[in-house]
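Hi,

Here is the structure I said I'd pass along. Have a look at it first, and my notes follow underneath.

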Amino acid sequence: MTPVNPPPLPRTSPPRHTAPELPEGVRLRVLHAVYGDARAAAELATRLTDRQRSGLDPLPTQPGLLAPRLLQSLRAEIRALPDDSRLLLLLAAADQYPLATHAFLRAVAAARLDTRPLEAAEAAGIAHAGAGGVVFRDAWTRIAAYESGAPSDRREVHRLLARVLNGDGETPRRSWHRAAGALGPSGRLVAELEAAAGQARATGRLTLARALTERAAALCPDPARQARLRTRAAADAWQAGEADRARGLFRAGAADDALTGLFALRAENATEAFDALLTAAVQAGDATGRRGTRIQGREGAAGADGPAPAVDRAHAADSTAADFLAPAHPSGSWHAPQVAAHLLARATEAVIYTGDLRRCRDAARVAGRLGIEAPGALGGLAAAVEGRYEDARDLLEAAAGRCGPGGDPTLLLHAGIAALMLGDHARAATATVRAAASARARGATATVAQALEFRAYADFWTGRPDAGAAAATDALRQAYASGQDNGACHLQAALAMFAAVTGAADVCRERAAAVRSYALARGLGLPAALAQWALAFLDLAEGRFAAAAARLRALAGFGPGHGHRAIRHLATPHYVEAAVRTGDTRVARAAHADYHRWATAVRSPDELALSARCRALLAPGAEAVDLYHEALDLHASGTRDFERARTELLFGAALRRLRRRTEARDRLHSALEAFEQFGARHCAVQARAELRALGAPAAPSRTEDGPGGRLTAQQLVIARMAADGATNREIATRLALSPRTIDHHLRGVFERLGIRSRIELVRLLADGDP
């Protein structure tokens, strides 16, 4: 069993020989599994099966299977110590592994143990005494100290720790040690562990809940109940970010549609997720009806008549993982109305990720049959797909309004998605940040990265590509480490879009190619469409209008793994621009007509501004001027500062063609200043070209006098990391790129700056302070 609180992922990667051919997600999970230890990572990499290397099978979780040679060496080192020293180390290790209980000093006092034998361990560099107990050299030494003890000695130290853990809030850990000291199956201990797991779960200690439930399964004499306990433990493990343990436990547990659907949604073929989640929702709803508990919507779960009734305790043993994937009531019990609604919300996410939005209607019909108010963005999406834009607006507005602090992370996530669809990016940012914060407070690590996936859209629209890319890169690491490769694919697509905005063409293309390959295999229409949009935006910014129009037309082929209706809709203003530049105004007008109907329905200033910009692009000569003015007036009330700058660029170009030089110059200078601030160098190049065509001088770039002015945004980021001493592989790890791409960028950096070594790079960047 692995320690409950592994250290954070390191910022460095293992040595070059630790299987660099591993996919990024598997490589980060390997590092996570071995607590960042390069020795263990190198050993584990050589032991993986082909399916584990490809990410199809979970990694092992037992220490003896992770790094047996390393453990054997460490155990030999510990066995060389005196018996009294080994006993103290065993007690300290049992206090910390696999659960941290912080009871070592109390146990020493209760047993009247002499701590002087620890000096031998200190002399050997194995551990040392600290203010709170014993500090081991590293995680693997602690594991070795525990596993070096005889089974009877381990049971004794667990019983000793259980006796001293009698303070407030220590019940779950006391139950753990009582169970660890048990000789064999015990129904009484199983019941105690289940109750303790419920307490831990209700206070957001999901890893502790998982460990307690897993131990209960090991001690359970009833095979059927044992399987259900393993499935519950798998649900806790998944929520806590322990993906490999979750998948391993699930294989050994009972069949469960909720977990099957969740794994498919976040880590496997997403096209299989919807049916499994919908089936689980129907089962939860039907079961609730049989138990006599009226099903109601999530918001109606606690109303004028008091809190919604908890499921009858007599049926608690029959509950499945679905009950523990839904947020628990503050009392610690789970409520039947929440379960079906939560699973329908997850099914909604499945149609969002796959792009098969037509299935929203299926989910909405199931919600109606079960008497549940359609949760989150489901109702709004279903109405939008049917073209009922006013109804969609009202339903999405209701969902977006549920973004208060401290709420259910899933509802907050859906509030953010609804706000994004309404063009309300300030509220989308608030909802997704709160979703991440609420998930952290509940110990739901897996939900944190998912919330940040959708935060990236708000960062993009509001013109924060650098901040957005940094947040998305961190979220990408979290997604990979928690086994959510589908979410990582979505984040890679967001990073491709940020790279397109900042003009990092090579990075955009590399990320987009990786996204497209993965998304097609996993049925992920959302990231596939976003990557296609990123490439189209890059084409548009670099003046390849026909290529941009062709890519954006391809988004019309929405469906699992191909495109996405929502992304096609969001990209319509860019498509109109590209189509007009190629003379294909007929199709551009048809695309704009539907977009304008949506913008009018949702009444978003940004959407209306972009619609006015589209009409200006489609209008002849001087007629466009008033429409551009209308667009800019609307932008002033919105939040899409980047699109406002692009509107000014297009307006300035139109004014130049109309020979209105003074106003054109003012608009182009304003756009250029905004693009410089956003780091959108490709767009800045367009603005400068228009100013040159106007015969007006362009203001110098803020950084063009220093070395940073000669580099692209991506090159500058990589150059700074290299100057700080990071290796190519370390930079690749941080940016989730291949080492070959980093090497290519650094060669470009050296060529542009006219230098030949990293020493010169350090000196130049220090002098230039870019």
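**What turned up**

The buried residues of α2 pack against a whole set of helices: α1 (24-33), α3 (50-53), α4 (63-66), α5 (68-79) and α9 (139-147). Before you go further, bear in mind that this is a predicted model. As for which residues those are, α2 covers residues 38-47, and its buried ones are Ala40, Ala41, Ala42, Glu43, Leu44 and Ala45. Note that Glu43 is on that list of buried residues, along with Leu44.

Next, a helix pair further along the chain. Helix α20 (residues 360-370) packs with helix α21 (residues 378-385) at an angle of about 130°, and their axes are 9 Å apart. That angle makes α20 oblique to α21, because angles outside the ranges for roughly parallel, roughly antiparallel and roughly perpendicular count as oblique. The crossing of the two, α20 and α21, is left-handed.

Who touches whom there? From α20 you have Cys360, Arg361, Ala363 and Ala364, and they meet Leu378, Leu381, Ala382 and Val385 of α21. Sorted by class, the α20 contact with α21 comes to seven nonpolar residues, one charged and no polar.

Last, the cysteines. How many disulfides does the structure hold? The count is zero. For your bond setup, recall that a disulfide is a covalent bond between the sulfur atoms of two cysteines. Two cysteines I looked at for burial: Cys489 has 4% relative accessibility, so it counts as buried, and Cys508 counts as buried too, at 0%. The cut-off for buried is under 20%.

Cheers

How values were computed:
Residues are numbered from 1 along each chain as its sequence is written. This is a predicted model: local features need pLDDT of at least 70, side-chain atom pairs count only at pLDDT 80 or more; totals for chains, interfaces and linings use all residues. Side-chain values use heavy atoms; hydrogens and water are left out. Buried means under 20% relative accessible area, exposed over 50%, partly exposed in between (1.4 Å probe, protein chains only). Helices (H or I, at least four residues) and strands (E, at least two) are DSSP runs, numbered from the N terminus. Contact means heavy atoms within 4.5 Å. A disulfide is a pair of cysteine sulfur atoms within 2.5 Å. Axes are lines fitted to C-alpha atoms, for helices over the stretch in contact, and angles run from 0 to 180 degrees between N-to-C directions. Angles under 35 degrees count as roughly parallel, over 145 as roughly antiparallel, 65 to 115 as roughly perpendicular and the rest as oblique. A crossing is left-handed if the near helix is turned anticlockwise from the far one by less than a right angle, and right-handed if clockwise. Ala, Val, Leu, Ile, Met, Phe, Trp, Tyr, Cys and Pro count as nonpolar, Asp, Glu, Lys and Arg as charged, and the others, Gly among them, as polar.
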